[in-house]
Amino acid sequence: MVNGFALLLLLGFSVGIVLLVRRNIVTQKRSDLLSLAAAGTFVERANAGRVLRSLRARTVAALAVMALGGAAALVLHAEYPGAAGLPLAAAPACMWILASLVFVAWRLPHEFSDISPESSLHTSAELTPRSTGMFGPAWGIVMPAVLLGASAAGLILAGILSGPDERGRFRNLPYVSAGGVELDQDMVVTQVQLGAGSIGPFPGWYYGLPVLALLLVGAGLGLWALSSNARRPRMRGLRLRAFDDAVRTNVGYVISTGFSAMLCFQVAPLLLFAASALHGSGMNAPYIVGQVLDEGRVPGMTADPLLSALALAMAVVALLLLIVGAVLLVRLLGWVGATVRPLRFPATAGAIA
């Protein structure tokens, strides 16, 4: 009953993710930052160019530290094989933490020394408070929250089900199966003996606790970055209002899409490990009381149908998460590409260096 409910839950989660990607993510539209920046005066265009250069440098720095984090995880995995793949298991979350630290620490400029006197005299305030999710996608808070909640619940459940390996690390899945039989003199099975076993790797406490802690830290930093993006003071100049909003929207999409993609790539491998261990734990020799065995012949192994169905559903969800993560990564590269284009305004607007 529990396995059937888990199967339905996984399938429903999969359908929801597919619908969200199809309706909300693939149809994203990006504003042309250069066109919006060219709407102001010469001084305002120069200031917008400074913002774009800072945004571009920050984005490149975030990508660089993510690449360094991934390389460090590979080196640690090679140098410490006894860690049983923990550096690689936690690599996506660590890479996101490094990138979000860049977004939090690197503030975009909003005040400039060459603001025209007439602009500095006009001070305005918005009546509508700017919220954390105001300048990003509609799913920018909901989707990462759902993925994070499902990931946390799955890691905790896997930790509860896990057992120790030969070194006492909780990275195996204990199970009970038909391990042997008692036979009479005619080779007839008189009793089926149950045996205890353990199979791994399984995302138990050994993997789950570090990954969960890193995910929570990454979520906190992501929310901090979104909040700083929304509450950053506006640039002076009424003609740059649309540009200022577009910059905030770009940053909101990059943070929300990046965190969601990281969650997909973080959870999918662990889900595949769990599916493999679950399928293996359901393999049993089909001994039946009264069965006559040929001497020296061992019956073939059979799989538990419910555990096999649950393992297959988990594998399908993992594959789906990898596909969604790839879609999000492509969209993320599109938003990042909007900030790394050469800063060349139209000739009528006057170019800036």
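**Entry 1: Alanine 145**

I take helices to be DSSP runs of H or I with at least four residues, numbered from the N terminus. With that in hand, I looked up alanine 145 and found this residue in helix α7, which covers residues 142–161. I note at once that the model is predicted. Is alanine 145 buried or exposed? Neither word fits, because its relative accessibility is 45% and this counts as partly exposed. I then looked at the pair formed by alanine 145 and serine 260, which stand 115 residues apart along the chain. Their C-alpha atoms are separated by 9.0 Å.

**Entry 2: The protein as a whole**

I next recorded the overall picture. The protein has 353 residues, and 44% of them count as buried. Its secondary structure consists of ten helices and five strands. I also looked up how far apart in sequence the contacting residues are. Among contacts with a separation of 6 or more, 81% join residues 24 or more positions apart.

**Entry 3: Helices α9 and α10**

I recalled that two packed helices are described by the angle between their axes and the distance between the axes. I applied this to helix α9, residues 241–281, and helix α10, residues 305–337. Their axes come within 7 Å and cross at roughly 160°. How do α9 and α10 run relative to each other? An angle over 145 degrees counts as roughly antiparallel, and α9 and α10 are therefore roughly antiparallel to each other. I noted further that the crossing of α9 and α10 is left-handed. Sorted by class, the contact between these two helices has 28 nonpolar residues and nine polar ones, with no charged residues.

**Entry 4: Salt bridges at aspartate 244**

How many salt bridges does the structure hold? I found four. I began with aspartate 244, which forms a salt bridge with arginine 232, the closest N and O atoms lying 3.5 Å apart. Aspartate 244 is in helix α9, whereas arginine 232 is in the loop between α8 (205–231) and α9, so the pair ties together parts twelve residues apart in sequence. Aspartate 244 also forms a salt bridge with arginine 248, and here the closest N and O atoms are 2.7 Å apart. Both of these residues lie in helix α9, four residues apart, which is about one turn of the helix.

I then checked how accessible each partner is. Buried means under 20% relative accessible area. Aspartate 244 therefore counts as buried at 1%, arginine 232 is buried at 8%, and arginine 248 is buried at 0%.

**Entry 5: Salt bridges at arginine 171**

I turned to the side chains of arginine 171 and aspartate 165, which meet in a salt bridge of 3.5 Å, N to O. Both arginine 171 and aspartate 165 are buried. I also found that salt bridges with shared partners join Asp165, Arg169 and Arg171 into one network.

**Entry 6: Asparagine 172**

Last, I looked up asparagine 172, which lies in strand β2, residues 170–183. Its relative accessibility is 10%, and asparagine 172 therefore counts as buried. Which residues does asparagine 172 contact, leaving aside its neighbours within four places in sequence? I listed Ser162, Gly163, Pro164, Asp165, Ser198, Ile199, Gly200 and Phe202. One of these, Asp165, already appears in Entry 5 as the salt-bridge partner of arginine 171.

Definitions and conventions:
Residues are numbered from 1 along each chain as its sequence is written. This is a predicted model: local features need pLDDT of at least 70, side-chain atom pairs count only at pLDDT 80 or more; totals for chains, interfaces and linings use all residues. Side-chain values use heavy atoms; hydrogens and water are left out. Axes are lines fitted to C-alpha atoms, for helices over the stretch in contact, and angles run from 0 to 180 degrees between N-to-C directions. Helices (H or I, at least four residues) and strands (E, at least two) are DSSP runs, numbered from the N terminus. Angles under 35 degrees count as roughly parallel, over 145 as roughly antiparallel, 65 to 115 as roughly perpendicular and the rest as oblique. A crossing is left-handed if the near helix is turned anticlockwise from the far one by less than a right angle, and right-handed if clockwise. Ala, Val, Leu, Ile, Met, Phe, Trp, Tyr, Cys and Pro count as nonpolar, Asp, Glu, Lys and Arg as charged, and the others, Gly among them, as polar. Buried means under 20% relative accessible area, exposed over 50%, partly exposed in between (1.4 Å probe, protein chains only). Contact means heavy atoms within 4.5 Å.
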